[in-house]
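Hi everyone, thanks for coming. I'd like to walk you through a structure that is new to most of us, so please have a look at it while I talk.

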Amino acid sequence: MRPLQMVDTKTQYHKIKAEVDAAVLGVMESSTFIGGKVVTDFAEHLAAYNGVKHVVPCANGTDALQIAMMALDLQPGDEVITPSFTYIATVEAAAILKLQPVFVEVDPKTFCMDPVAVEQAITSRTRAIVPVHLYGHAADMEPIMEIARRHNLYVIEDNAQGIGCDYLFSDGTVKKTGGIGHIGCTSFYPSKNLGAFGDGGAIFTNDDALVAKLRMIAAHGQSKRYYHDVVGCNSRLDAVQAAILDIKLRHLDEYIAARQKAADYYDQAFLNHEKIEIPFRSPNCKHVFHQYTLTLKNDPADERNRDGLNQFLADKGIPSMIYYPVPCHKQKMFESLGGSSFNLPVTDWLTERVISLPIHTELDEEQQNFIIKNILEYIN
Ligand SMILES: *Cc1c(COP(=O)(O)O)cnc(C)c1O
């Protein structure tokens, strides 16, 4: 059996090595390392893929979120509604700008922001909602957009884990996540579904006025060379990454299909198990399985619990991960912002019970059988 990894970027690379190597060498020969046609071509291709008008490439997903919040002119003290059950970057971007994070509960099935909780959290200071398409499952965007419209709020999608996910509206319209809110943000961190060979990120929008502002902020607030209108930052996707991503984008749907196939195989093994909840798939979205995350029904105080399984698997050479062991509202970082004042029982409940298994484009059935056998051995 091939060794097990959470993600296998090396085998994935070897399958497209000739194409990737030629593209990287092409950038070297051109010596245009920052900006240039390779970057703008990739941005255009990604916009077409995602069904959005504009893509602004940037240095990473965290920058994408920060630039989005800056472009919307959010001011210190403005409230931003986010889930606590997410990667720290979602909320950190707000905190850097001295915005006030308002943590809301997630739906225990989808792991994504609960629209009812969002509406209850709105105050006169609320300016934006930041849904996260966690693990590759879409947040419920239709009610979130409807709430935002009614309260005149911006929606910034954190699509770092959701790229390629289709979301179905009740009128039959299908849109890709990242292209539904006012701004969408994504990451090309190597382990993401569309991963670079280094850092990278992008910002999506359909708004012609906003895109100019996003571009300006990502480039030192510059309107034309050496004329700086607003305080911005320096956030660029380099040409080597863009060249690689342009090739990987052509394979993205096939990568998603491979992840879904692996998820189906896990599902069959754990379906109807009294102690294991398989990932929920809402009929209004196409889960892209950035993570395959089980919820163990066992109480953390039980002899056989989630942390025990994590260790048991590690001892067998099977990696598994807890995304995330501490929810944002309980992170030290947010203590001074009142993080601990939030009471989020669903988030806490999930935090103690979720476990993510290896899932990637190169997983084979022999590997999955070994993982499944060991999980069932521990849990049964
Ligand atoms: C990866 C990730 C980010 C940040 O992306 P970077 O490129 O690492 O800065 C933001 N939000 C979520 C949900 C992520 O998974």
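I'll begin with the whole chain and then go on to a few of its parts.

First, please keep in mind that what you see is a predicted model. The protein chain has 12 helices and 14 strands. Its radius of gyration is 21 Å, close to the 21 Å that the globule rule gives for 380 residues, so the chain is as compact as a globular protein of that length. If you draw a box around the C-alpha atoms along the principal axes, that box is roughly 65 × 55 × 40 Å.

How much of the chain is buried? Of the 380 residues, 56% count as buried. The contacts also reach across the sequence: among those between residues at least 6 apart, 72% join residues at least 24 apart. On the outside, the accessible surface comes to about 16,300 Å², and 52% of that belongs to carbon and sulfur atoms. As for charge, the chain has 35 positive and 47 negative charges, and their mean positions are 3 Å apart.

Now let's zoom in on a helix. Please find α5, residues 88-96. Is this helix largely enclosed or open? Here 7 of the 9 residues are buried, so α5 is largely enclosed by the rest of the structure. The buried ones are Ile88, Ala89, Thr90, Val91, Ala93, Ala94 and Ala95. And what do they pack against? Their neighbours are helix α4 (61-71) and the strands β2 (79-83), β3 (100-104) and β5 (154-158). Just after the helix comes Lys98, whose phi is positive, near 60°.

Two of those strands, β2 and β5, lead us to the next stop. Strand β2 runs parallel to β4, residues 126-129, and 3 bridges join the two. One pair to look for is Ile81 with its bridge partner Ile129 in β4. On we go from β4 to β5: these strands also pair in the parallel sense, over 2 bridges. Ile129 turns up again here, standing opposite Val155 in β5. Strand β5 itself is mostly covered, with 4 of its 5 residues buried.

While we're in this area, follow the chain out of β4. In the loop between β4 and α7 (141-151) you'll meet Pro131. Is Pro131 buried or exposed? It is buried, with a relative accessible area of 0%. Leaving aside neighbours within four places in sequence, Pro131 is in contact with Met113, Ala139, Met141, Ile144, Val155, Ile156, Glu157 and Asp158. Notice Val155 in that list, the residue we just saw opposite Ile129. For a sense of distance, Pro131 and Asn50 are 81 residues apart in sequence and 17 Å apart in space, C-alpha to C-alpha.

My last stop is further along the chain. There you'll find an open sheet of 3 strands, in the order β12-β13-β14, with antiparallel pairing. Which strands stand at the edges? They are β12 (276-277) and β14 (354-357), each with a single partner strand, so one side of each is left without a neighbour in the sheet. Between β13, residues 292-296, and β14 there are 4 bridges. If you'd like a pair to look for here too, Thr293 stands opposite Ser356 in β14.

That's the tour, and I'm happy to go back to any part of it. Thank you!

Conventions: Residues numbered from 1 in each chain as written. Predicted model: local features only at pLDDT ≥ 70, side-chain atom pairs only at ≥ 80, totals over all residues. Heavy atoms only, no water. Rg over C-alpha atoms; globule rule 2.2 N^0.38 Å. Buried < 20%, exposed > 50% of the residue type's maximum accessible area, 1.4 Å probe, protein only. Contact = heavy atoms within 4.5 Å. Areas by Shrake-Rupley, 256 points an atom, 1.4 Å probe, with all protein chains shown as cover. Lys, Arg positive; Asp, Glu negative; His and termini not counted. Charge placed at Lys NZ, Arg CZ, Asp CG, Glu CD. Pairing = 2+ DSSP bridges.
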